Amino acid sequence: MKEFLFCLLFGLACVTYFVGLGYGRKITRKSVIDKLYFLSTLFGAGWGLFGGLVLMQTDEDMAALFRAVGMLHIFGLLICFTHMMIFWSNVQGRMKRWTAGFVWLGVPLYPFVIRRENVAFEMTTYGMSYRIRPGAASTAYAVFCAAVAVNLFCLSVYMVRRCVRKREKDIAYSLMMCVVIVGFGCALDTTLQLLGFAAFPASTLGQFVAQMVLCKTYLFYNGSRVTLENMSKFVYYSVDEPVFLFDETGRLCIVNNGATIFLGLSAEECCKLRLEDIFVLKRDAFKFRGNKNRVEARCWQRNNICSISIDKIYDDYQDIIGYIVIVHDVTERVRMLERLEREKQRADRANEAKSAFLANMSHEIRTPINAVMGMNEMILRESAEPDTLEYARNIQNASKTLLVIINDILDFSKIESGMMELVEKPYALGTLLQDLQTECSVRAEEKGLALRFVVPEDTPGALIGDEVRVRQVLLNILTNAVKYTMKGSVTMTVSYERQPQDMVKLSFAVEDTGIGIKPENIGRLFGKFDRINEEQVHAIEGTGLGLSIVDRLVSLMNGSVTVESEYGHGSVFTVVLRQKIAGDETVGAMQDQPKRHEGKAASGPLFVAPHARILAVDDNKVNLAVIRGLLRKTKAQVTCVTSGRECLEAAAGERYDVILLDHMMPVMDGIETLEEFGRMPDNKSGDARVIALTANAMAGVREMYLEKGFDDYLSKPIEGAALEKLLVKYLPPELVQLQPGAE
Ligand code: ADP
């Protein structure tokens, strides 16, 4: 009997020990509960083992020794178990301190419990047993055991009542069962002794059963707890994207919910499918170098466009054991991109149509204005009738205004459609300012206004920037100042500040003593087609486009334009621009301008060149008549032809010094004519300079013509003076006799 009992206890101890050791080894990241469980299995095994050894003894001293070691394990187990229960029940505060503190009373109690004289050993049929002698120690031990048992029971009841989640309730019931089992064993032991019998190892056996229940609880707790290991499972099932797990042979084995929804099949139906059964693939997508592969494919089932990312899964020996495939349905994105591309193409086409329309409109409007202005200029030159001259001057003013409006509209459309580009090159600031002064002085003088330019002589004069746009901005501000000032003065004050990397910050402040602007209107000033102070300005010509063009041009040049104004007293418009310095030249002193007079066109020409030969090419006969008329007084020999083909024939047959070549002509346009002209083998006009003469006055066309090989560019309507200036530049100097008073 005693051998059987010993073997039973020994066997159970071994099982407990190995179970504890197994988990103790497996758990890499040990939490408190893992450590407590591991220790409790060791103590449980020790309790059983030494309890068994006591049974086997014949010598009382040896039995006392083994009992002492066994008792140590009992106390250890009680401490561990109590702490595990505290952990699981999550009891806090005083209750936690009492429960934990009480079980540790076992430590001071232990020496009394194991004292030899407190225990009486006796041999029974099931081996060596013992009885605790009545006295203080045995009473204290009994009270301790009972209190610990009650404590643990209370904890388990507390846990059952307090816990909300099912899994916690399950744990609580299991723990309660453990307490009841151990308690029952202990009660049996104690009762037997109280009845005068020697102790039977019922509590030792009971604790093994409790250990098994504890082990189950622990496993359940670990299995249902969110750990890093099982987290991936949660992630895997919770992602909405379809996730497929294929084995190393390429057969589908696991799918998540996203995948079953994506395929419209059940998890069982999905299994054993291959990647090619799901997607249209050109070749085996699992054959790739590295760890990751991304392919684009269509799904057979749903015709969706998918981006598939494939990751290899390796075992501990770096052998491939499968593939994880995550599918991103990009159908919507691809369709949207296609839609966007279509929209872009449509917008591009619309933009091109708009540009073509603008260029066309520019051409169409300018061609008749050219005729009007050209013919009018001839009246101005040739008529001696004061009334007729007065009418002609009015026509001239009206045409110029019309031209400004057309230019503004074209510029504005170009800026709005984002097609306005800056053309930066070296220019002389001094000349620019001088020109501005000249241009504004006539109008200022007419209105009796003083026009002043205050420019520091040492202002850097050689700059790099878009001269045309700088000029346009400043002219606009100056013209407005003159336009909206009835009496007083207009002053342009320039100041500058040198900046690193050869940059200069220029400030152009245009101050007038005009009508001023109400504070509430300043915000509207740069809006398109917005004229403010209508009651005052309606009699003054304007479209409300000028300042909005200024604002956009200045932003394009990374500058700023600001306004300060006092209604009824005047305004200051300040334009700040940053330009690159190209050299050491300074602006120098501004010169007083010789005043221009309206009748200038009627005075003599800039030059005469009776031997100069000029070929004018334009499909519009009126335009040719205008050119011929404008050049009449220069005595140059002007030949007119009406097509590209005729131009080539004329140029090949005779020497011409300058060819004025229209761009837009039917059959062969100006650019094609020029290309052909360059390729002609026998060309008597090989040295001729070719000037593009065109009604296409869109911003940026000048650069385009120069790029195509033209020597220069002149836009219609042609001004007699501008044409003469250009011819002086390009005619051979020996043929040109400048006239007195010419620049
Ligand atoms: P426009 O002069 O063709 O009407 P702008 O865009 O150049 O168009 O100017 C917009 C409005 O701003 C003008 O109608 C005018 O009322 C006001 N404005 C511009 N410059 C001045 C100025 N120097 N003094 C007073 N008002 C001005």
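How far is the sulfur of C178 from the closest cysteine sulfur? In this predicted model, the sulfur of C178 lies 10 Å from that of C215, its closest cysteine sulfur, and this is too far for a bond. A disulfide is a covalent bond between the sulfur atoms of two cysteines, and a search of the whole structure finds 0 of them. C215 is likewise in no disulfide, the nearest cysteine sulfur being that of C178. As for their surroundings, C178 is buried, with a relative accessible area of 1%, and C215 also counts as buried, at 12% relative accessibility.

Charged side chains offer another way into the structure, which holds 22 salt bridges. One of these joins R116 to E60, with the closest N and O atoms 3.1 Å apart. This pair links distant parts of the chain, since R116 sits in the loop between α5 (106-113) and β1 (119-124) while E60 belongs to helix α3 (residues 60-89), 56 residues away. Both partners count as partly exposed, R116 at 32% relative accessibility and E60 at 33%.

Helix α13 (residues 331-382) contains pairs of a more local kind. R346 forms a salt bridge with E343, the closest N and O atoms being 3.5 Å apart, and because the two residues are 3 apart in α13, about one helical turn separates them. D348 and K344 meet in a salt bridge of 3.1 Å, N to O, and these two, 4 residues apart in α13, are also separated by about one helical turn. D348 is partly exposed at 33% relative accessibility, as is K344 at 46%. Salt bridges that share partners, meanwhile, join E60, D61 and R116 into one network.

Helix α13 also carries L337, which counts as exposed at 51% relative accessibility. Together with M336 and L340, L337 forms a nonpolar patch on the surface, with about 290 Å² of accessible area in total.

Buried positions are found elsewhere, for instance in helix α18 (residues 546-556), where G546, L547, S548, I549, V550, L553 and V554 are buried. These residues pack against α14 (386-416), α16 (467-483), β14 (560-566) and β15 (570-581). Just after α18, N558 takes a positive phi of about 60 degrees.

A buried residue can also lie in a loop, as T459 does between β10 (450-454) and β11 (462-465), with a relative accessible area of 0%. A polar atom of the T459 side chain lies 2.6 Å from the backbone oxygen of P456. Beyond its neighbours within four places in sequence, T459 is in contact with L429, V494, Y496, L506, E585, T586 and V587.

Conventions
Residues are numbered from 1 along each chain as its sequence is written. This is a predicted model: local features need pLDDT of at least 70, side-chain atom pairs count only at pLDDT 80 or more; totals for chains, interfaces and linings use all residues. Side-chain values use heavy atoms; hydrogens and water are left out. Buried means under 20% relative accessible area, exposed over 50%, partly exposed in between (1.4 Å probe, protein chains only). A polar contact is a pair of N or O atoms within 3.5 Å; within protein, one must be able to donate a hydrogen and the other to accept it, and residues adjacent in sequence count only if both atoms are side-chain atoms. Contact means heavy atoms within 4.5 Å. Patches are made of residues with over 30% relative accessible area and no salt bridge: like charges are joined within 9 Å, nonpolar side chains (Val, Leu, Ile, Met, Phe, Trp, Tyr) within 5 Å. Accessible areas come from the Shrake-Rupley method with a 1.4 Å probe; for residues, only the protein chains shown count as cover. A salt bridge is a side-chain nitrogen of Lys or Arg within 4 Å of a carboxyl oxygen of Asp or Glu. A disulfide is a pair of cysteine sulfur atoms within 2.5 Å.
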